[in-house]
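Reader: I'd like to learn how to read a few local features straight off a model. Could you walk me through some?

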Amino acid sequence: MATLPNPLPKLATDPSGRSLGLQLPPGRLVDLTDDGPWHEPLLWHAEKAAAPGTWKALGVPAARAGLLPVLVGVGGSQGGPAEWELMPRLMSYPGDHDAEDVLAEYWEDWTEEGWGEEVEPFGAAWPGLAPAPTPTADPDTRAAQVADSLTDAPPQWFRETHLALVPARRSADIPAAIGWAGPLNHDNDVARLCAVLRSWEDRFGMRVVGLGFDTLVVSVAAPPATLADAEAVAAEHFAFCPDNITQGSASLRDYAKSLVGVPTWTFWWD
């Protein structure tokens, strides 16, 4: 796997990022993992909470320097990324995995455990990938809008959101790039989930917008427009994050109703 040069070490001696063409506020480099310090910083995040407009003002120019934006929640009981026990050593490369193979494997594992009625109208056989709808917005514009909504009126479970910058090839790779361990009880190699996120980038104009200790928020430029399409997407969500359905909705059908036309998808792993 070819790796990108990591611009973050430059911020150790140039905190404002001027050498990268940036004007960053005071921030923090994070290199702490569950094994101790990593050999290079995994991410940078601002010391102050983000406000509406922060994503566009800082994240867009940072992307030109090889650093992709994501909001990180630092106000929960688990603290911020330095306290999350990041696990980059467990990560493979997202491009080494096929999204449909990953989802089919998850689906089969969970339906074998007896989650039959919950996945109706589908059965034990993996139903396949949902078709790609027509985008209703530019993906990066939609990401900025969702980011602003999370900072303007943050939900209770995503308080104190700070802008972070991550060296990654594409937005879908951000969780693996930092060694995020939020779905550890589902899969300890988050790169497999990132392979699915890459597929969602391609089909739905998805961008990774927010990360908490065990929570993922993504923006969607092409959400499902009909209930039938939403049910197909809900099947992917069940395989990707079963807790969204088994601990959040009565059934996959009910969950699908919440996806129609909605530009934000949220996932939480127990």
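Reader: Let's start small. Is Glu160 buried, partly exposed or exposed?

Author: Keep in mind that this is a predicted model. Burial is read from relative accessible area, where under 20% is buried and over 50% is exposed. Glu160 comes out at 47%, so it is partly exposed. It sits in the loop between α4 and β6, and its phi is near 55°, a positive value in a residue other than glycine.

Reader: Where else does the backbone do something like that?

Author: Glu85, in the loop between β5 and α3, also has a positive phi near 55°. Gly66, just after α2, has a positive phi too, of about 90°. For omega, look at the bond joining Glu120 and Pro121: it is a cis peptide, with omega about 15°. Pro121 belongs to the loop between α3 and α4.

Reader: Now salt bridges. How many are there?

Author: The rule asks for a side-chain nitrogen of Lys or Arg within 4 Å of a carboxyl oxygen of Asp or Glu, and the count comes to eleven. Take Asp34 and Arg89, whose side chains meet at 3.0 Å, N to O. Asp34 is in the loop between β2 and β3 and Arg89 in the loop between β5 and α3, so this pair ties together parts 55 residues apart in sequence.

Reader: Which other residue does Arg89 pair with?

Author: Asp35, at 2.5 Å from N to O. Here, too, the pair links distant parts of the chain, 54 residues apart. Asp35 has 52% relative accessibility and counts as exposed, whereas Arg89, at 45%, is partly exposed. Salt bridges that share partners make one network of Asp34, Asp35 and Arg89.

Reader: What does a salt bridge between buried partners look like?

Author: Try Arg198 and Asp173, with their closest N and O atoms 2.8 Å apart. Arg198 is in helix α6 and Asp173 in the loop between β6 and α5, 25 residues away in sequence. Arg198 is buried at 13% relative accessibility, and Asp173 is buried at 6%.

Reader: Which buried acid has no salt bridge?

Author: Asp14 is one to look at: it is buried, and the nearest side chain of opposite charge, Arg18, is 5.3 Å away. Asp14 lies in the loop between α1 and β1. Beyond its neighbours within four places in sequence, Asp14 is in contact with Ser19 and Leu20.

Reader: And Glu236, buried or exposed?

Author: Buried, because its relative accessibility is 0%. Glu236 lies in helix α7. Setting aside residues up to four places away in sequence, its contacts include Leu103, Trp126, Trp200 and Arg203.

Reader: Last one: how do I read a pocket?

Author: Rolling a probe the size of a water molecule over the atoms shows where empty space is left. In this model, the second largest pocket holds about 340 Å³ of space. It is lined by 17 residues, and the closest to its centre are Trp55, Ala63, Pro69, Asp140 and Arg207. By class, the lining has nine nonpolar, three polar and five charged residues.

Reader: Which element supplies the largest share of that lining?

Author: That's α2, with five residues. β5, α4 and β7 are also among the elements giving at least two each. The helix has an inward side as well: the buried residues of α2, among them Trp55 and Leu58, pack against β5, α4, β6 and β7.

Technical notes. Residues numbered from 1 in each chain as written. Predicted model: local features only at pLDDT ≥ 70, side-chain atom pairs only at ≥ 80, totals over all residues. Heavy atoms only, no water. 1 Å grid on protein atoms, 1.4 Å probe; cavity = no way out; pocket = protein on both sides within 12 Å on 5 of 7 lines; lining within 4 Å. Points joined across faces, edges and corners; volume = space filled by probe spheres on them. Helix = DSSP H or I, 4+ residues; strand = E, 2+ residues; numbered from the N terminus. Nonpolar A, V, L, I, M, F, W, Y, C, P; charged D, E, K, R; others polar. Buried < 20%, exposed > 50% of the residue type's maximum accessible area, 1.4 Å probe, protein only. Contact = heavy atoms within 4.5 Å. Lys, Arg positive; Asp, Glu negative; His and termini not counted.
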